[in-house]
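Hi everyone, thanks for making time this morning. I'd like to walk you through a structure that may be new to you, so let me put it on the screen.

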Amino acid sequence: VSIFDNAVLIPTDSIFDVTRRYLADETPDKVNLGQGTYRDENGKPWILPSVRMAKASIGECGHEYLPISGLKAFRDEAAKLAFRGTRALDEDRIATCQSLSGTGALLLAGMALKKADSGITTIYITDPTWSNHSLMFSSLGYEVKTIPYYKQGRFDFDNYMSVLRTADANSAVVLHACAHNPTGCDPSREQWKEIASVIQERRIFPIFDSAYLGFNSGSVNEDAWAIRYFVEDLGLEASVCLSFAKSMGLYGERIGLVTFVTASVKIACTMGSILENMQRATVSNPPAYGARIAAAVLGTPAIAEQWAKDLITMSSRIKSMRQKLYSELTSLQTPGDWSHLIKQTGMFGYTGISPAQVAYLEGEYLHVSRYEHFVHGANYVTDKHHVYMAETSRISIAGLNEGNVTYFARALDDAVR
Ligand code: PLP
């Protein structure tokens with residue numbers, strides 16, 4: 001007898017499981033397009049030159065606890081980055097708290113909205129979306145509802161709007177500030193304005209999930225356009241959840257910022273106190289190293305200048321891989337229209353292939369060497385492209401490079417024929 005007799009096994013997170021299977025595959029040709037982590041032109045993780053500079057500038061700084069709300073220099077610099085030029089920033093109406101990356105920022109935002117007695121009971125997320133949205137907000141006790149987002153290679157604006165119009169003041173809506181995950185389809189500026197006006201009219205609370213600021217277009221200001229439109233042009237209250245995982249390549253350092261843009265300095269102060277309280281209740285205080293790096297990157301002009309270049313390096317390599325993949329598929333005359341791949345934006349490509357085709361691309365992993373494959377003949381392993389991607393058909397374009405894009409295009413071509 002065990003106290004855990006009633007416990008039910010929960011399957012591992014599917015995207016982390018893709019990484020696990022990829023790592024277990026011994027084939028040299030294997031391609032990992034699963035998890036959204038940037039890779040350089042050799043398929044290797046990239047430490048940004050700006051981050052190297054920042055690390056060199058930090059030096060020995062001990063291992064004491066940070067304050068509960070995190071490193072002040074980081075919080076101030078990160079808030080400036082997202083809200084530069086807004087009255088809310090100038091007037092000190094923004095509560096901030098350092099968080100465990102973007103995920104931790106969303107968690108604190110969700111917890112704080114409850115603690116603040118905001119009346120919000122329902123959270124709207126897009127269908128499809130980043131897989132953790134539903135799990136997180138339902139775990140916090142919210143009712144999670146989905147809004148259709150994608151149809152035939154495009155943002156499904158009409159259906160999105162018709163469901164958004166049914167939301168009320170007891171709702172918050174999660175908005176991908178840019179580079180919608182997984183579809184890569186963002187609203188146009190005109191569409192953003194219409195979305196914002198429904199949100200304003202129906203008094204829905206906007207939560208911007210901003211995991212790709214600067215990483216998407218290469219320009220932070222460009223990527224922060226929607227956030228600033230809501231906050232500055234319409235003067236709305238909002239939560240903006242920032243991650244520096246992708247934009248600084250600091251995935252494992254877990255560095256992010258949760259913010260509430262509020263109507264007054266007094267409310268900002270209250271919301272700051274609630275964030276601090278929620279941080280204390282969950283992780284007590286955040287880790288220091290990533291915060292020191294990000295603060296040095298953002299707060300040192302010479303390093304910030306290098307970071308601006310690094311953002312362009314990453315975003316333009318991804319754009320060129322999109323283009324390359326598209327031209328490969330075109331020259332192979334792969335059945336279907338693939339133009340959505342070059343219209344999409346951000347880290348991901350939403351291919352639209354079926355789960356069976358995704359499985360076919362990965363192939364059954366057999367614990368045999370390439371020699372055995374050879375000896376047993378082509379039929380021994382029925383499907384053997386060793387391409388790893390999310391079952392939703394999403395590929396991380398950052399996993400492509402000059403060395404594997406042709407291989408992947410051919411595999412995809414084979415899978416859809
Ligand atoms: N939100 C979205 C839409 C994402 O794509 C991600 C990362 O993939 C995150 C949030 C959070 O990531 P992290 O917690 O690593 O910052």
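Before anything else, please keep in mind that this is a predicted model. Let's start at the ligand. Thirteen is the number to remember here: of the 13 residues around the ligand, the ones that come nearest are S101, G102, T103, W130 and S243. Which helix gives the largest share of that shell? Helix 5, residues 101-115, with three residues. As for the chemistry of the shell around the ligand, eight of its residues are polar, four are nonpolar and one is charged.

Now let's step back to the whole chain. There are 17 helices and 13 strands in it. The radius of gyration is 22 Å, close to the 22 Å that the globule rule gives for 417 residues, so the chain is as compact as a globular protein of that length. If you like to think in box dimensions, the C-alpha trace spans about 75 × 60 × 55 Å along its principal axes.

What about the inside? Of the 417 residues in the chain, 46% are buried. The largest nonpolar core has 119 residues, and A82, L108, A294 and V297 are those with the most contacts inside it. Take A294: leaving aside residues up to four places away in sequence, A294 touches F74, A78, F244, M248, L250 and I255. On contacts across the chain, if we take those with a separation of 6 or more, 77% are between residues 24 or more positions apart.

Next, have a look at helix 1, residues 14-24. Its buried residues are I15, V18 and Y22. Seen down the axis of helix 1, these buried residues fall within an arc of 45 degrees, so they line one face of the helix. On the face turned away from that buried side, helix 1 carries the exposed residues F16, L23 and A24. And what covers the buried residues of helix 1? The cover includes strand 1 (31-32) and strand 12 (387-388).

Let me finish with one residue, D413, which is found in helix 17, residues 405-416. Buried, exposed or partly exposed? D413 counts as partly exposed, because it has 17 C-beta neighbours inside 10 Å. Not counting residues up to four places away in sequence, D413 touches L329, L332 and T334. Look at L332 in particular: it is 81 residues from D413 along the chain, yet the C-alpha atoms of the two are separated by 7.3 Å.

That's my tour, and thanks for listening!

Technical notes:
Residues are numbered from 1 along each chain as its sequence is written. This is a predicted model: local features need pLDDT of at least 70, side-chain atom pairs count only at pLDDT 80 or more; totals for chains, interfaces and linings use all residues. A residue is near a molecule or strand if its C-beta atom, placed from the backbone, lies within 6 Å of it. Helices (H or I, at least four residues) and strands (E, at least two) are DSSP runs, numbered from the N terminus. Ala, Val, Leu, Ile, Met, Phe, Trp, Tyr, Cys and Pro count as nonpolar, Asp, Glu, Lys and Arg as charged, and the others, Gly among them, as polar. A residue is buried if 20 or more other C-beta atoms lie within 10 Å of its own, exposed if 12 or fewer, and partly exposed in between; C-beta atoms are placed from the backbone. The arc is that of the directions from the helix axis to the C-beta atoms. Two residues are in contact if their C-beta atoms, placed from the backbone, lie within 7 Å. A nonpolar core is a set of buried Ala, Val, Leu, Ile, Met, Phe, Trp, Tyr and Cys residues joined through C-beta atoms within 7 Å. The radius of gyration is taken over C-alpha atoms; the globule rule is 2.2 Å times the number of residues to the power 0.38.
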